[in-house]
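Biologist: I would like a close look at a single part of this structure. Please keep the answer connected.

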Amino acid sequence: MDATAADARAPRWSVGGMDCPVCADKVRRAVEALPGVDDVDVSAISGTLSMTLDPARTAPTEVEARVRALGYAIDRAAAPGAAAGGDAPRRPPAPSWYATAKGRLALATGALLATAWAVRLLAGAEAGAWAFAVACVVGAAPLARRAWAAARTGQPFTIEALMTVAAGGALVIGAAEEAAVVVFLFTVGEVLEGVAAGRARSGIHALADLVPRTALVESAGELRSVPAAALAVGQIALVRPGERVPADGAVVDGVSEVDESPVTGESVPVAKAPGDGVFAGSINRAAVLRLRVTRPATDNTIARIVRLVEEAESARAPTQRFIDRFARIYMPAMVSVALLVAVVPPLAVGAEWQTWIYRALALLLIGCPCALVISVPAAVASALSTGARHGLLFKGGAVVEAAAATAVVAFDKTGTLTAGRPEVTDVVPLGVERATLLAVAAGVETGSSHALAEAVAAAARDAGVAPRPATGARVLPGRGVEAHLDGRRVRVASPALAAETGVLDEAARVVVDALEAAGKTVAVVFDDAAALGLLALRDRPRADAADGLARLRRLGVEAVMLTGDNARTAAAVAGELGVEPRAGLLPEDKVAAVRALARTAPVMMVGDGINDAPALAAAPVGVAMGAGTDVALETAGAALMRDRVGDVAATIRLARATMANVRQNVAIALGLKGVFLVTTVTGVTGLWIAILADTGATVLVTLNALRLLGFRPDGDVPTAARPDDRRGRAPVPPVPAVATDGDRARRPTVTAWTTDPTSPPRHGTGARSRTPADG
């Protein structure tokens with residue numbers, strides 16, 4: 001299938017005027033009714049519509065016509081994330097409120113309303129009534145058209161329908177002035193909703209515009225300017241001081257400081273030297289850098305963040321799903337109540353028809369569930385935008401809601417709580433020369449990009465030793481790696497495997513125990529006949545690990561460290577950080593540990609490697625750290641761009657603030673509805689107060705949600721009660737023991753995660769893990 005045909009079957013549009021999830025749901029239900037339409041996805045935060053379409057049954061123009069009939073603007077859009085690619089089509093700036101269709105309607109209705117008051121004042125009440133009727137009809141006509149279009153798609157109960165009935169009924173019973181005021185206030189409310197929604201989505205749109213339109217590329221010794229979207233992997237781009245980086249890449253020449261705050265939220269410029277990765281959209285501060293492009297424009301970090309946030313809106317929180325179901329019952333129920341209010345009192349007790357019809361019309365306005373329906377998605381949209389600005393990415397409202405309930409955080413050790421860059425601290429030959437031991441170990445590890453392999457290669461290089469030629473290298477899952485040198489099989493593996501093979505004598509065991517007691521990881525280099533020597537490595541804790549764990553404790557959240565390392569090494573690291581260790585865990589053991597924890601308290605799992613993917617998937621909330629693998633990101637529900645342990649606490653703080661905001665929104669929506677339901681039925685308030693209550697609740701909920709845009713997730717964490725006192729929960733019990741190889745040496749994994757701009761584009765599942773048991 002060519003590109004044109006594929007685009008026709010998976011079209012994507014930009015939809016203007018969708019200011020809330022109610023609008024998005026209206027569009028979704030309208031286009032789903034068309035034949036040949038499947039997999040419809042509508043995002044209010046990004047203003048997009050996409051689907052799988054059979055052009056033989058429904059033409060794209062029919063989809064566009066149906067959306068326009070609902071009152072929304074629609075145009076074909078670029079693929080997701082493409083706008084983050086330099087010269088790709090940019091989203092035009094949002095028009096001022098008075099330039100939108102809703103803004104123009106509000107201004108026209110307001111002008112007619114003011115004119116009607118002037119007519120009544122100058123020409124009398126009868127002429128004024130006609131003027132008010134004209135103002136009402138002009139303002140309500142677009143609403144009636146939208147209501148009819150929605151009704152034709154099987155959506156009779158919309159706010160436009162309720163407004164049309166209420167305004168028309170008010171005209172019939174002679175309340176033309178109130179009808180005109182109601183229509184005007186409704187249009188003003190829609191304008192305010194649009195302005196507020198625009199603020200919520202502006203952060204994501206601004207992120208997509210960070211990538212410059214052009215880039216300087218070296219070609220045949222000359223510099224030429226090309227569209228940034230056209231940069232290909234492997235090209236060399238030059239970035240001068242003060243310029244934005246045009247693509248994800250790796251520095252090949254130059255030393256400078258790069259401001260990554262537009263992408264990760266990290267306020268301190270980061271030093272960059274040859275070999276270091278840079279993000280598209282970051283700012284070069286000091287000196288000229290030459291970089292090799294490692295990702296195409298459509299797959300750079302910013303494009304992926306934009307896609308993630310856009311897709312996250314579709315992942316609704318459980319609370320939102322419940323409210324949506326409730327709203328579909330609530331509106332028809334309120335219409336039924338209004339009908340009963342209109343007819344029962346006059347028929348039952350002979351009450352005045354006009355009075356009770358008037359009250360019923362007011363009830364119709366209160367029957368709109370807009371404020372309640374947007375209470376969750378408005379808060380979540382603001383949280384997604386705030387999180388993206390601070391390097392905290394959620395994959396939807398469901399993840400936000402689950403993260404807010406977190407009571408225990410399970411951390412992977414290597415690359416998460418530790419730096420993930422082990423160094424060889426001890427070389428212990430056993431019957432061979434030190435140089436021979438290093439040459440053999442480096443030969444077995446040749447070709448691997450794992451942290452352990454790099455550490456061994458660095459030790460050999462520092463000693464001036466060349467690796468021995470090796471063939472047939474392969475991974476021993478959870479144990480180590482082996483290869484053939486000089487016709488014999490040689491392994492670099494855990495002490496446990498060496499002991500099983502029978503090559504580790506008592507004297508060597510004593511040395512292994514001593515090294516592990518010092519908090520080091522030990523690997524044994526051996527062939528089928530004997531041990532050649534021991535290599536001890538040490539991976540130091542991250543500089544911010546202790547503070548990050550302290551922040552969690554102040555939030556009342558416990559921390560547990562899960563690692564495939566031996567018990568003594570794990571205890572040494574855990575003691576330094578003040579965290580409970582669970583050692584000797586294979587990937588399946590980590591899954592069992594997470595599930596055991598989840599049986600007693602809500603759990604968040606934080607990891608960075610392929611070996612962490614099963615545990616990340618098993619946890620209620622999986623969080624991928626910013627130096628992990630593609631697989632970790634795909635299975636996790638959230639990601640930390642800044643690669644900070646402290647951002648785990650920030651993620652929980654933002655999630656809790658979001659859910660607190662949701663509770664406030666629901667209270668505002670239901671509280672105002674309840675109060676004015678009573679006052680309307682008793683005749684205390686009328687039509688214009690009813691629409692003020694409805695529009696006011698919607699605006700208040702939206703404004704309250706917008707407060708999250710100014711929230712600082714990494715702000716001061718208040719002192720909390722002791723962890724065992726939080727929300728009445730008991731202390732988290734130990735994880736039941738699992739059958740593991742507690743003495744095996746751990747192996748650090750490759751760190752080629754999606755937010756590492758130096759990694760190549762992902763094809764398939766990402767990098768290969770040599771040692772799934774890594775901590």
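Biologist: In which sense do strand β19 (residues 488-493) and β20 pair, and over how many bridges?

Modeller: This is a predicted model. Strand β19, residues 488-493, pairs with β20 in the antiparallel sense, and 4 bridges are found between the two. One position on this side can be named: F526 in β20 has R491 standing opposite.

β20 also pairs with strand β21, which covers residues 531-538. That pairing is antiparallel as well, over 6 bridges. The link from β20 to β21 is a hairpin of 3 residues. Within this pairing, T521 has L537 of β21 as its bridge partner.

As for cover, strand β20 spans residues 521-527, and 7 of its 7 residues are buried, so the strand is largely enclosed by the rest of the structure. The cut-off behind that word is under 20% relative accessible area. The burial holds for both faces of β20: T521, A523, V525 and D527 point one way, V522, V524 and F526 point the other way, and all are buried. T521, the partner of L537, is therefore on the side shared with A523, V525 and D527, and F526, opposite R491, is on the side of V522 and V524, with both sets of side chains buried in a strand that is largely enclosed.

For contrast in cover, take L107, which is found in helix α4, residues 101-123. L107 has 45% relative accessibility, so this residue counts as partly exposed. Together with W97, Y98 and V195, L107 makes a nonpolar surface patch of about 400 Å².

Technical notes: Residues numbered from 1 in each chain as written. Predicted model: local features only at pLDDT ≥ 70, side-chain atom pairs only at ≥ 80, totals over all residues. Heavy atoms only, no water. Patch = residues over 30% accessible without salt bridge, like charges linked within 9 Å, V, L, I, M, F, W, Y side chains within 5 Å. Areas by Shrake-Rupley, 256 points an atom, 1.4 Å probe, with all protein chains shown as cover. Salt bridge = Lys/Arg side-chain N within 4 Å of Asp/Glu carboxyl O. Buried < 20%, exposed > 50% of the residue type's maximum accessible area, 1.4 Å probe, protein only. Pairing = 2+ DSSP bridges.
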